[in-house]
Amino acid sequence: MSRIVLVLNGPNLNLLGKRQPEIYGRETLADVEADCRRLAGELGLEIEFRQSNREYEIIDWIHEARGRVAGVVINPAAFTHTSVAILDALHAFEGPIIEVHISNVHKREEFRHRSYVSAVASGVIVGCGTQGYALALRRIAALVGAEAG
Ligand code: CA2
């Protein structure tokens, strides 16, 4: 069985730690990736960590995950609130999907309260800062029966 977890990040998350630290914190996306890789090692998982500002690229990566990847962690960023196309792509993925938002989107503007992706997510982690990625990985590990150690 595959132990690969695909961690996907949507538009502008390449700016993490470089702008708006009051909302998104000071960790960069490279820091988040390093944290995920460290934890994945402990959980017996392998990580593929990606970011794109292009909707089609995220969709292609989800398609390529089918039948190959155990689970998906996704922070779709602004595409969360707009993308039926990403929702449709995720519908075709058979494993667990955990949606992550660094900020508490429910405390923010009304347009951030709706997520298309939540309709296919096994779980949603919101407002836990960049720690949300680690929580999501632990949840995927539990759902796919990976062993820590
Ligand atoms: O809280 C989250 O993780 C979001 O997915 C982040 C998105 C936002 O559109 C969602 O509503 C909630 C924005 C990602 C942009 O990240 C930046 C980081 C630093 C500076 C500027 C943007």
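**Exercise 1.** Find the element in which Ile 47 lies, and decide whether Ile 47 is buried or exposed.

Solution. Ile 47 belongs to strand 2, which covers residues 46-51; strands are DSSP runs of E with at least two residues, helices are runs of H or I with at least four, and both are numbered from the N terminus. The model is predicted, so local features need pLDDT of at least 70 and side-chain atom pairs count only at pLDDT 80 or more, while totals for chains, interfaces and linings use all residues. Residues are numbered from 1 along each chain as its sequence is written, and side-chain values use heavy atoms, with hydrogens and water left out.

Next, the accessibility: Ile 47 has a relative accessible area of 7% and is therefore buried (buried is under 20%, exposed over 50%, partly exposed in between, with a 1.4 Å probe and protein chains only). Last, the spacing: Ile 47 and Arg 139 are separated by 92 residues in sequence and by 14 Å from C-alpha to C-alpha.

**Exercise 2.** Describe the surroundings of the ligand, starting from its closest residues.

Solution. Step one is the shell: 17 residues surround the ligand, and the closest are Asn 75, His 81, Ile 102, Ser 103 and Arg 112. A residue counts as near the ligand if one of its heavy atoms lies within 4 Å of it. By class, the shell holds 9 nonpolar, 6 polar and 2 charged residues (nonpolar: Ala, Val, Leu, Ile, Met, Phe, Trp, Tyr, Cys and Pro; charged: Asp, Glu, Lys and Arg; polar: the others, Gly among them).

Step two is the polar contacts, meaning pairs of N or O atoms within 3.5 Å; within protein, one atom must be able to donate a hydrogen and the other to accept it, and residues adjacent in sequence count only if both atoms are side-chain atoms.

- Ser 103: a side-chain N or O atom is 2.6 Å from a ligand oxygen.
- His 81: a side-chain N or O atom is 2.7 Å from a ligand oxygen.
- Ala 78: a backbone N or O atom is 3.5 Å from a ligand oxygen.

Step three is the cover: the ligand alone exposes 510 Å², of which the protein buries 94%.

Step four takes up one shell residue, Arg 112, one of the closest to the ligand. Arg 112 sits in the loop between strand 4 (97-101) and strand 5 (123-126). Its relative accessibility is 18%, so Arg 112 counts as buried. Arg 112 and Ala 77 are 35 residues apart in sequence, with 9.7 Å between their C-alpha atoms.

**Exercise 3.** Which backbone nitrogen lies 2.9 Å from a polar side-chain atom of Ser 83?

Solution. Ser 83 is in the loop between strand 3 (71-75) and helix 4 (84-91). Its relative accessible area is 1%, so Ser 83 is buried. The nitrogen in question belongs to Ile 86.

For contrast, take His 91, which is in helix 4. With a relative accessible area of 53%, His 91 is exposed. His 91 and Ile 4 are 87 residues apart in sequence and 19 Å apart, C-alpha to C-alpha.

**Exercise 4.** Examine the phi angles of Asn 12 and Gln 20.

Solution. Start from the general rule: most residues other than glycine have a negative phi. Asn 12 has a positive phi of about 75°, and Gln 20 has a positive phi near 45°. Asn 12 lies in the loop between strand 1 (4-9) and helix 1 (21-24). Gln 20 is also in the loop between strand 1 and helix 1. Because its relative accessibility is 40%, Gln 20 counts as partly exposed.

Terms used. Accessible areas come from the Shrake-Rupley method with a 1.4 Å probe; for residues, only the protein chains shown count as cover.
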